Every structure is written in structure tokens, then in C-alpha cells.
Number of protein chains: 12
Amino acid sequence: MSEHVYKIVKLVGSSKDGVEQAIDNAIEKAGESVRHMRWFEVEETRGHVEGGKVAHYQVVLNVGFTLDE
Amino acid sequence: MSEHVYKIVKLVGSSKDGVEQAIDNAIEKAGESVRHMRWFEVEETRGHVEGGKVAHYQVVLNVGFTLDE
Amino acid sequence: MSEHVYKIVKLVGSSKDGVEQAIDNAIEKAGESVRHMRWFEVEETRGHVEGGKVAHYQVVLNVGFTLDE
Amino acid sequence: MSEHVYKIVKLVGSSKDGVEQAIDNAIEKAGESVRHMRWFEVEETRGHVEGGKVAHYQVVLNVGFTLDE
Amino acid sequence: MSEHVYKIVKLVGSSKDGVEQAIDNAIEKAGESVRHMRWFEVEETRGHVEGGKVAHYQVVLNVGFTLDE
Amino acid sequence: MSEHVYKIVKLVGSSKDGVEQAIDNAIEKAGESVRHMRWFEVEETRGHVEGGKVAHYQVVLNVGFTLDE
Amino acid sequence: MSEHVYKIVKLVGSSKDGVEQAIDNAIEKAGESVRHMRWFEVEETRGHVEGGKVAHYQVVLNVGFTLDE
Amino acid sequence: MSEHVYKIVKLVGSSKDGVEQAIDNAIEKAGESVRHMRWFEVEETRGHVEGGKVAHYQVVLNVGFTLDE
Amino acid sequence: MSEHVYKIVKLVGSSKDGVEQAIDNAIEKAGESVRHMRWFEVEETRGHVEGGKVAHYQVVLNVGFTLDE
Amino acid sequence: MSEHVYKIVKLVGSSKDGVEQAIDNAIEKAGESVRHMRWFEVEETRGHVEGGKVAHYQVVLNVGFTLDE
Amino acid sequence: MSEHVYKIVKLVGSSKDGVEQAIDNAIEKAGESVRHMRWFEVEETRGHVEGGKVAHYQVVLNVGFTLDE
Amino acid sequence: MSEHVYKIVKLVGSSKDGVEQAIDNAIEKAGESVRHMRWFEVEETRGHVEGGKVAHYQVVLNVGFTLDE
């Protein structure tokens with residue numbers, strides 16, 4: 001049980017609403033093709049500016065999932 | 001007055017509601033045993049995923065407090 | 001069109017309300033003197049603590065804008 | 001439109017001719033199985049030496065592509 | 001021959017016996033779906049503690065394999 | 001249950017026998033004053049050399065434990 | 001003579017032709033408003049991909065110039 | 001009061017006398033064009049050697065100042 | 001003798017006189033509650049500016065001490 | 001006695017048996033031309049894979065030795 | 001065969017013509033005193049500016065060579 | 001003239017008097033076997049503590065010198 005192998009994929013999520021929503025969007029999208037996701041870690045927080053305002057937030061994240069279940 | 005000495009402790013806060021709440025939870029918990037907290041800095045943002053959704057956000061933070069007051 | 005030159009300025013925004021508001025405050029202030037802002041990236045998230053609670057969040061960010069438009 | 005999710009894959013390209021050709025080789029190869037590539041970033045530049053001369057340049061790069069188109 | 005393209009995948013291996021066994025477990029598992037693995041590099045060494053003892057060691061590693069053979 | 005707060009302490013363990021034993025020694029010593037240890041991560045691996053041989057291995061590690069149980 | 005003060009500005013140059021041309025474009029553009037530039041250092045190399053090919057290379061660089069001449 | 005916006009500029013100070021004097025020289029020079037400086041942080045310490053001796057010390061520093069006062 | 005366990009604490013010392021004095025102040029203060037200090041390493045050098053001059057230097061340092069003597 | 005000068009050399013050791021043996025091999029080889037080695041620190045752990053198994057482990061390490069004895 | 005020991009030396013090459021030529025110049029010069037060079041990795045890319053143009057590119061690189069052949 | 005090749009050696013200097021003296025000691029010692037030193041950069045500042053006081057400061061530095069004069 002302690003000898004799982006995990007794979008980590010790197011994703012970029014974005015949202016006009018905030019950092020958590022950008023994370024949620026990436027996790028939700030990844031869930032369409034990957035099962036058994038276990039954790040994520042944020043590598044970068046960034047975003048685009050249009051007309052002098054934040055247009056959307058972007059989050060680069062690593063998502064780990066179990067390979068052997 | 002400019003010659004304070006500070007100590008920095010490393011904590012992990014978590015919350016199912018968001019990044020700021022995870023920070024707040026760690027600061028509030030630290031306040032039970034540490035007085036004179038002055039600042040924090042976020043070292044990592046991460047979290048756990050359950051059933052294809054973010055179960056909770058985790059924030060690793062350094063919290064500085066005055067030693068000599 | 002693909003040969004733009006951008007300049008990047010480093011700012012610190014702060015807000016008592018949260019991380020996104022701290023980003024927004026910095027972008028809004030920068031917009032008073034800089035036009036054609038395109039993107040930002042968060043370099044540090046930190047903050048001040050007063051009376052055992054987060055008094056305000058601070059975000060150090062790089063903001064990129066077009067030099068040649 | 002602002003809420004795309006991207007995936008990032010890490011590749012190593014190489015070329016005896018130079019750094020740009022090593023990047024181009026990796027992008028071209030990736031294009032055989034991945035569509036909608038949008039950007040790359042170089043993580044390392046390295047290479048092999050044979051007989052006292054550079055035999056080929058190698059570039060480790062992250063390539064981002066749209067998941068949701 | 002000098003112009004191979006490699007892909008790098010990020011894995012987490014674990015073992016209750018030690019760091020090398022955690023590496024070996026990840027490589028062995030990866031070998032079930034990836035051929036032509038060439039090298040690995042360790043990005044993090046970590047682990048879990050239970051009952052005051054190390055329960056298992058975990059190793060985050062990048063594994064490179066040839067795309068074009 | 002998802003809203004634990006953890007504290008992280010930084011330790012250096014050493015052993016003449018190897019890297020895992022250096023980790024084990026630090027965890028065992030920490031266990032004398034800290035309960036509820038959950039995980040560790042290795043920050044540096046180093047050591048001393050005497051008479052042209054490795055005299056002992058040293059491992060700098062962060063150890064996380066639950067504050068609120 | 002040894003007590004100059006320099007200022008460093010961060011720029012992004014781009015070019016469809018290569019990394020050196022992207023550096024040159026940024027330096028040339030900076031020269032329109034800054035005199036006495038002395039050195040540069042490359043912080044990131046990146047670029048955009050269109051139609052499966054590199055559309056342009058981008059280089060993030062710090063440029064140092066003398067303030068006190 | 002908690003919602004200031006700061007700008008950070010990167011400078012290199014130098015001095016034949018030592019590290020603190022190099023910091024002081026950069027701060028003093030910056031003070032000619034920037035008001036409301038609040039803090040600095042040292043990013044690199046370096047220097048030049050002539051005739052087998054340190055000719056001058058150089059310090060790369062970020063200086064933060066208030067934009068909104 | 002080669003199997004000591006050390007603990008590392010993170011402190012911030014400050015002094016209006018210079019970097020070494022800031023280090024000395026932190027070590028001296030730490031000595032009030034910690035015995036058997038063995039080494040330190042400087043993680044950041046920074047400071048505050050008032051009236052266009054350095055008001056005090058600050059040094060963030062890790063201090064290691066023996067746990068098992 | 002406290003004013004030694006050390007030189008640091010960077011080596012890569014390898015071994016099919018494990019990480020410690022790769023360190024030992026590098027130290028032993030260095031000992032053929034360098035006396036008074038005092039410490040080492042591991043900068044990278046990596047290795048080669050052949051036939052789906054770890055063929056050998058490689059360790060990049062810095063080794064410090066006294067110049068003035 | 002898998003148990004080679006390598007030494008890594010750090011060099012700075014420069015060229016007015018470009019990044020690859022700066023790498024080649026360093027490798028060629030190193031070849032005058034070092035045999036059995038195997039690989040290089042670029043640690044920094046920088047350069048000097050004169051009269052508003054790049055005067056030469058500089059590349060800091062680590063070069064690895066076999067010690068035991 | 002713009003196509004020099006430099007070699008960089010890594011040294012540790014120490015002094016009971018301060019950081020600059022530790023740098024000076026390393027440069028002076030290096031000058032016994034290396035000519036044409038041009039610059040240095042400080043990689044780490046650290047030190048030893050004895051009897052609750054700083055016993056000596058240590059500075060890890062890279063020193064660059066011309067290979068081709």
C-alpha cells in the first residue's frame with residue numbers, strides 16, 4: 001500500500017474570477033481523461049491584462065495521480 | 001528600536017474554502033502559542049483532490065514574530 | 001507584429017481583502033502611468049499580521065507592457 | 001475564451017547545427033502527436049562534445065498546447 | 001543519430017526499503033507503458049512517517065525516453 | 001478533518017552508514033520531543049570526508065507534524 | 001571610477017529569426033530611451049508556436065546602464 | 001493605509017570600501033530621483049579584482065518605494 | 001560522535017551598523033534560549049530606508065545547534 | 001586556525017550499486033590527486049536506464065578541500 | 001564501464017558572432033589542456049553592450065570530462 | 001579582444017573579522033597560484049559559532065580569471 005507509483009502532469013488553468021477558480025478549472029478538465037487524481041501544487045500564478053484590468057488569472061500546476069490502481 | 005530580532009516558524013495551513021482561508025487558519029492556530037506575529041510569506045500553494053474536485057487548499061508559510069518584546 | 005519589445009516593471013500591491021484584490025490594486029495603480037499592459041506574474045505572496053490576524057495581503061508582481069505601440 | 005486549459009509536456013530536442021534548430025526539431029516532432037501547440041520555454045541548454053568539438057546542442061523545453069479546442 | 005527527440009515524464013516512486021528501491025519501483029512501473037527509457041534525474045526525496053518511524057521513502061523523478069525510435 | 005495545521009521543523013541527521021540511516025536518525029531523535037510526525041522532505045544531502053573516505057553522510061530535512069491533534 | 005551606480009531594466013525582445021536577433025531587438029529598442037547601456041543577461045528564453053512551427057523566439061533580459069555619467 | 005502600492009527598481013552599487021558602502025552608494029544615488037524609498041534587498045554580492053586584490057565590491061539590490069504618497 | 005542530530009532555527013537580526021552586527025545580534029539573542037549553537041548561514045540580506053538613507057540592515061539566517069549533547 | 005581557505009571541485013561519481021557507492025567512487029577517485037578533502041555536498045542525483053532497469057546511479061557532488069595545509 | 005568518474009569545470013566563452021560561437025570558443029580553448037570532454041551545460045547567457053549594440057555574447061558553461069580514461 | 005575565455009574556480013574564504021576580510025583572504029590565497037583574476041561573486045555567506053558568539057565568517061565565492069593571456 002505504501003509502494004504506489006504516481007504520475008505528475010503539468011497543466012495551466014485560467015479563470016476570470018480568481019486563483020482558486022483557475023485551479024478548479026484545470027482539475028475539472030484534467031478529470032475528463034485522468035482518474036485517481038490525488039494532489040496538486042501551484043508552480044506559477046500569472047495572468048493577462050486588458051484595458052488596464054485583469055482579464056483572467058492563470059495558474060500553472062502539477063497534478064499527481066495514482067498509476068497503479 | 002531598529003535592532004529587533006525576529007524568529008520565523010514554518011507552518012502549513014489548510015482550508016476547503018480557498019487560499020486566504022488556509023493562510024488565516026495557520027495564522028490563527030499559531031496565535032495560540034506565539035505572540036507578536038508581524039508578517040508571513042507564502043512558500044508553496046498546494047492541495048488535495050478527491051473525487052475529481054479540490055478537497056482542500058494547503059499553504060506552506062513562514063511566519064515572523066518579534067523575540068525581544 | 002511578432003517582433004514587439006516589452007518592458008517589465010516590478011510592483012507590490014496590497015489589500016486587506018485578499019490576493020486577487022492585491023493584484024488588482026497594483027495593476028490599477030500602474031495603469032495611471034503605464035499604457036498597453038499585457039500580462040503579470042506573481043513573484044511572491046506575503047502579508048502583515050496585526051493582533052493575531054492577517055491585516056493585509058501583499059503580492060509582488062512583474063507587469064509586462066508593450067514599448068512599441 | 002479566457003478560460004482555456006493548457007497541458008505542458010517536457011521535451012528534449014537536439015541538433016548539430018545550433019540552439020534554434022534543436023528547438024525546431026523538438027517542436028516539429030511533438031507536432032506529429034500534439035495539435036494546438038501555443039508556446040514553449042527553454043529550461044536548459046546543453047550538449048555533447050566529441051573529439052574536442054560540440055557534436056550536438058540539446059535543449060530541454062516545455063511546450064504548452066490547448067486541451068479544450 | 002545526434003538529432004533524437006526525447007520526452008520527459010515526471011513520476012513519484014515509493015518504497016519502504018530505501019531511496020534506490022523507490023527509484024527502481026518508478027522505473028519498473030513506467031516500463032509497462034514506455035519503451036526506450038534512457039535516463040532519470042531525482043527532483044525531490046521525501047517520505048511519510050508513521051508511529052515515529054519512516055513508513056516509506058518517496059522519490060519524485062523525471063524519466064527521459066526516446067520518441068523517435 | 002481537512003483543515004489541519006502542521007508545523008515544519010528543520011533538522012540535520014547524520015550516519016556513517018548511509019543516507020537512509022541519516023534520515024532515520026533525525027526522525028528518531030525528533031520523535032523524543034515531537035509527536036504526530038507525518039512527513040519529511042530532504043533539502044540537502046552532504047557529508048564529511050576523513051582520510052580520503054566518507055566519514056559520515058548528513059541529510060538536512062524538513063519534518064512536518066500535526067499541531068492540532 | 002570604481003564607484004559607479006547602475007540601473008537594471010527588464011525587457012522582452014522577440015524575433016522570428018532567432019535568439020540573438022531577439023536580444024538585439026530588445027537592446028536596440030531600449031537604446032531609444034536609455035544611454036550608456038553596459039551589459040545584459042538572459043533570464044528566460046521562450047517563444048510562440050503557430051501552425052506547428054516556431055513563430056517567434058522571445059528572450060527576457062536584464063539590461064544594465066550607468067546612472068552617473 | 002494598508003493598501004499602498006510600491007514599485008521596485010533594481011540597482012547596482014559599488015564601493016572600494018565594502019559591502020555596506022556599496023549599498024549606501026546605490027541608495028544615495030537612487031535618492032536623487034526617487035522619493036519615499038522604504039526598503040532594499042540584496043540580490044547578489046560580487047566585485048572586481050585588479051592586481052590580485054579586490055578593487056571594488058558590487059551589490060545588486062532591489063529598492064522599494066511608495067507610489068501613492 | 002559522527003551521528004549528531006542538529007536542529008536549525010530561522011532568525012532575522014538587524015543593526016544600524018552593518019551586516020556583521022546584524023548577524024551578531026541574532027546569534028546573541030538566540031543564545032539566551034539555545035545552547036550548543038554550531039553554525040549559521042545567511043539566507044537574505046535586506047534593510048529599511050528612512051529619509052533617503054539606510055536606517056538598518058537586516059539579515060535572515062539559519063542557525064544550527066546540537067540536539068543531543 | 002579559523003582562517004583556512006578551501007577549494008571546491010565538482011565531480012560526477014557513478015555506480016551500479018547505489019547512491020552512496022556513487023559518492024564513494026567519486027571521493028576515492030578524487031583522493032588520487034587531492035589531499036585534505038573535508039566535506040562534500042550532493043548537487044544532483046541521476047542515472048541511466050537500460051532495458052527498463054537502472055543501469056547505474058550518478059551523483060554530481062561538490063568536494064571541498066583545504067588549500068593551506 | 002558504468003562507473004566512470006567525471007570532473008566538471010566552469011568556463012566563460014565569448015564571441016561577437018553569437019551564442020553557439022561563444023560555446024564553441026570555450027570548448028576549443030578548454031581542449032588545449034583537457035582531454036576526454038563529454039558534455040557541457042549552459043548556466044548563464046549574458047553579454048556586453050557598446051554604442052547601443054551587442055558587442056559580444058558571453059556564455060557561462062560547465063564542461064564535464066572523464067577522469068579515469 | 002572581445003573573445004576571451006575565462007575559467008571560474010569556487011573557493012571558501014574565512015575570517016574572524018568580517019565578510020569582506022573573508023573575501024579578501026580567499027582572493028589573496030588564490031593569487032598564489034592563479035594570475036589574471038578579474039571578478040568574483042559571492043554564492044553563500046555562512047560561519048561558525050563558538051561559545052555563543054560568531055567565531056568566524058565564511059564566504060563561498062566563484063572567482064573568474066582569464067585563460068588566454
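Why is helix α1(G) largely enclosed by the rest of the structure? Let's start there, keeping in mind that what you're looking at is a predicted model. Find residues 19-30 of chain G, the stretch that makes up helix α1. Of its 12 residues, 9 are buried, so the helix is largely enclosed by the rest of the structure. You can go along and pick them out: Val19(G), Glu20(G), Ala22(G), Ile23(G), Asn25(G), Ala26(G), Ile27(G), Lys29(G) and Ala30(G). From its first C-alpha to its last, the helix reaches 17 Å, close to the 16 Å expected at 1.5 Å a residue. Here's a handy bit of background for reading that list: an α-helix has 3.6 residues a turn, so residues three or four places apart point the same way.

Now let's move on to a pair of chains, J and F. How does one copy sit relative to the other? In general, two copies of a chain are related by a rotation about an axis and a shift along it. Here, a turn of 120° with a shift of 0.0 Å along the axis lays chain J on chain F, with an RMSD of 0.0 Å. The two copies are therefore related as by a three-fold rotation axis. If you want to see which part of chain J comes nearest to that axis, go to Val19(J), whose C-alpha is 4.9 Å from it. Don't expect the two sides of the contact to match, though: the copies use different surfaces, and 10% of the contact residues of chain J recur in chain F.

So what does this contact look like up close? Chain J brings 10 residues to it and chain F brings 14 residues. Together they bury about 1,000 Å², and carbon and sulfur atoms give 57% of that area. On the chain J side, the residues that lose the most area to chain F are Glu20(J), Met37(J) and Phe40(J), which together make up 45% of what that side buries.

There's some polar business at this interface too. The count is 6 residue pairs in polar contact between chain J and chain F, and the interface has 1 salt bridge. As background, side chains of opposite charge can pair when their charged atoms come close. Look at Arg46(F) and Glu41(J): their side chains meet in a salt bridge, with 3.4 Å from N to O. Two elements of chain J, α1 (19-30) and β2 (37-50), each supply at least two residues of the side that touches chain F. The largest share of that side, 6 residues, comes from β2(J).

Stay with strand β2 of chain J for a moment, and find Glu43(J). Glu43(J) forms a salt bridge with Lys10(J), and the closest N and O atoms are 2.9 Å apart. This pair links distant parts of the chain, as Lys10(J) lies in strand β1 (residues 6-15) and the two partners are 33 residues apart. Are the partners buried or exposed? Glu43(J) is partly exposed, with a relative accessible area of 39%, whereas Lys10(J) is buried at 13%.

Hop over to chain L and you'll find a pair with those residue numbers as well. Lys10(L) and Glu43(L) form a salt bridge, with their closest N and O atoms 2.9 Å apart. Lys10(L) is in strand β1 and Glu43(L) is in strand β2, so the pair ties together parts that are 33 residues apart in sequence. Lys10(L) is buried, with a relative accessible area of 13%, and Glu43(L) counts as partly exposed at 40%.

Salt bridges turn up elsewhere too, and the count comes to 60 over all chains. In chain H, the side chains of Lys29(H) and Glu32(H) meet in one, at 3.3 Å from N to O. Glu32(H) is exposed, with a relative accessible area of 60%. Over at chains A and B, Glu41(A), Glu44(B) and Arg46(B) are linked in a network of salt bridges.

For a last close-up, try Thr66(I), in strand β3 (residues 53-66) of chain I. Thr66(I) is buried, with a relative accessible area of 4%. Its side chain makes a polar contact with the side chain of Arg38(I), at 3.0 Å. Leaving aside residues up to four places away in sequence, Thr66(I) touches His4(I), Val5(I), Tyr6(I), His36(I) and Arg38(I).

Finally, some chains don't meet. No contact joins chain A and chain F, whose closest C-alpha atoms lie 13 Å apart. Chain F and chain H have no contact either, and their closest C-alpha atoms lie 22 Å apart.

Notes
Residues are numbered from 1 along each chain as its sequence is written. Chains are lettered from A and ligands numbered from 1 in the order in which they are written. This is a predicted model: local features need pLDDT of at least 70, side-chain atom pairs count only at pLDDT 80 or more; totals for chains, interfaces and linings use all residues. Side-chain values use heavy atoms; hydrogens and water are left out. Copies are superposed by least squares on the C-alpha atoms of residues with pLDDT of at least 70 in both. Contact means heavy atoms within 4.5 Å. Helices (H or I, at least four residues) and strands (E, at least two) are DSSP runs, numbered from the N terminus. The expected span of a helix is 1.5 Å times one less than its number of residues. Buried means under 20% relative accessible area, exposed over 50%, partly exposed in between (1.4 Å probe, protein chains only). Buried area is the accessible area (1.4 Å probe) that two parts lose on being put together, summed over both. A salt bridge is a side-chain nitrogen of Lys or Arg within 4 Å of a carboxyl oxygen of Asp or Glu. A polar contact is a pair of N or O atoms within 3.5 Å; within protein, one must be able to donate a hydrogen and the other to accept it, and residues adjacent in sequence count only if both atoms are side-chain atoms.
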